[in-house]
Amino acid sequence: MELMVSVKDGEVWADDSGAPVDAGDPADGGLPIVLLHPGVGVSTVWDPILPRLTARHRVIRYDVRGFGRSPAPTASYSLVEDLRAVLDHFELGRALVVGSSMGGATAISLALDSPERVAGLGLFCPGVTGYTGLEVPELFAAIGKLAEAGDMDGLVALGRRTWGNAGVGDDPAVTAQLRSAIPGWFANQPHQVPDAPAFDRLGELDVPCLLALGEQDQPEAVRCNEDMAARIPGCRLVRIVGSDHYPALREPQTVAGLILELGQSLR
């Protein structure tokens with residue numbers, strides 16, 4: 001079921017799969033799954049894995065303000081506050097929270113701020129607030145120059161080279177994600193309030209955690225993910241050989257299997 005969910009001074013598009021197909025299956029862990037998309041994509045990035053997840057779990061996903069089908073923000077807001085608002089709307093006391101890149105950072109922030117809401121963390125090429133090693137000045141300068149020129153095609157091509165380097169040619173799936181996400185980069189800039197730094201608090205996490213990195217991702221992202229996994233108590237680190245920054249597109253069966261395995265362990 002698709003609907004608009006009210007958040008502070010705005011709204012976001014969300015989708016609730018409802019009860020799982022195999023609700024009566026004793027292997028079903030019963031926990032709902034919340035999917036958080038990357039900053040270089042939108043909620044449709046999860047489409048390749050949805051059928052496997054919704055067969056066993058209720059799955060909720062949404063577009064961050066300004067991304068995909070969500071209206072651009074008009075007032076200041078926080079990603080983690082919006083996530084809490086979505087959980088409250090769907091009356092989810094606890095959930096398995098799965099986040100990719102930007103979504104991973106939001107999932108971690110929620111687990112630190114409201115640990116009672118998070119049964120487990122599935123992190124795919126995650127970001128994290130408070131980590132400075134991801135900053136690449138040349139990349140931000142190139143994005144700024146292309147944005148100033150209004151060159152959407154140039155921004156998409158740069159995005160493919162940077163985050164989608166495991167693809168070939170026009171890479172239509174990644175191209176579609178970037179075209180849906182890029183407007184959100186600029187719509188959010190004056191309104192999004194950064195969540196509190198979390199990198200130095202990763203040792204406080206006390207929930208089962210899986211962190212999967214893409215071995216073809218940017219070197220800075222791989223280092224960040226390795227550093228994160230080393231700090232998170234009991235974290236399971238998985239290396240997805242065929243993936244860049246889009247694991248759900250590059251290796252959907254692997255990603256779905258990892259999420260289902262984590263969900264089953266939380267019964």
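Start by selecting His245 and Asp217: their side chains are joined by a polar contact of 2.6 Å. Keep in mind as you click around that this is a predicted model. His245 sits in the loop between β8 (236-240) and α8 (247-250). Is His245 buried or exposed? With 7% relative accessibility, and buried meaning under 20%, His245 counts as buried. Show its surroundings and, leaving out residues up to four places away in sequence, you'll find that His245 touches Val40, Ser100, Ser101, Cys125, Trp163 and Asp217.

**The sheet**

Now switch to cartoon view. You're looking at an open sheet of eight strands with mixed pairing, in the order β1-β2-β4-β3-β5-β6-β7-β8. β1 and β8 are the edge strands, each pairing on one side only. From one strand to the next, the twist averages 25°.

Go to the β1 edge. β1 (2-7) and β2 (10-16) run antiparallel and are joined by six bridges. Pick Ser6 and look across to Glu11, its bridge partner in β2. The two strands make a hairpin with two residues between them, and Asp9 in that turn has a positive phi of about 60°. Next, turn on the side chains of β1. Which of them are buried? Leu3, Val5 and Val7, which point to one face; Glu2, Met4 and Ser6 point to the other face and are not buried. That fits the usual pattern: in a regular strand, side chains alternate between the two faces of the sheet.

Move on to β3 and β5 (residues 95-100), which pair in the parallel sense over four bridges. Leu36 stands opposite Gly99 in β5.

**Helices on the sheet**

Select α3 (102-113). α3 lies across β3, β5 and β6 (118-124), and runs at about 155° to β6. Then try α7 (residues 219-231), which lies across β7 (209-214) and β8, at about 160° to β7.

Helix α2 (residues 79-89) deserves a stop of its own. Its buried residues are Leu79, Val80, Asp82, Leu83, Ala85, Val86 and Leu87. Hide α2 and see what covers them: β1, β2, β3 (33-36), β4 (59-62) and α3 are included. At the N-terminal end, Ser78 caps α2, with a side-chain oxygen 3.3 Å from the backbone nitrogen of Val80. Just after α2, Glu91 takes a positive phi of about 55°.

**Salt bridges**

The whole structure has 14 salt bridges. Stay on α2 and select Asp82 with Arg65: their closest N and O atoms are 2.8 Å apart. Arg65 is in the loop between β4 and α2 while Asp82 is in helix α2, so the pair ties together parts 17 residues apart in sequence. Both ends are buried: Arg65 has a relative accessible area of 1%, and Asp82 is at 4%.

Still on α2, find Asp88, whose side chain meets that of Arg117 in a salt bridge (2.9 Å, N to O). This pair links distant parts of the chain, 29 residues apart, with Arg117 in the loop between α3 and β6. Here Arg117 is buried at 13%, whereas Asp88 is partly exposed at 46%.

For one more group, select Asp15, Asp47 and Arg61, which are linked in a network of salt bridges.

**Last stop: confidence**

Color by pLDDT. The chain's mean is 95, and 97% of its residues reach 70 or more. Where does pLDDT stay under 50? Over residues 25-29. Where pLDDT is low, don't read the predicted coordinates in detail.

Key:
Residues numbered from 1 in each chain as written. Predicted model: local features only at pLDDT ≥ 70, side-chain atom pairs only at ≥ 80, totals over all residues. Heavy atoms only, no water. Buried < 20%, exposed > 50% of the residue type's maximum accessible area, 1.4 Å probe, protein only. Contact = heavy atoms within 4.5 Å. Polar contact = N/O pair within 3.5 Å; in protein donor to acceptor, adjacent residues only side chain to side chain. Pairing = 2+ DSSP bridges. pLDDT = per-residue confidence, 0-100. Axes fitted to C-alpha atoms, helices over the stretch in contact; angles between N-to-C directions. Salt bridge = Lys/Arg side-chain N within 4 Å of Asp/Glu carboxyl O.
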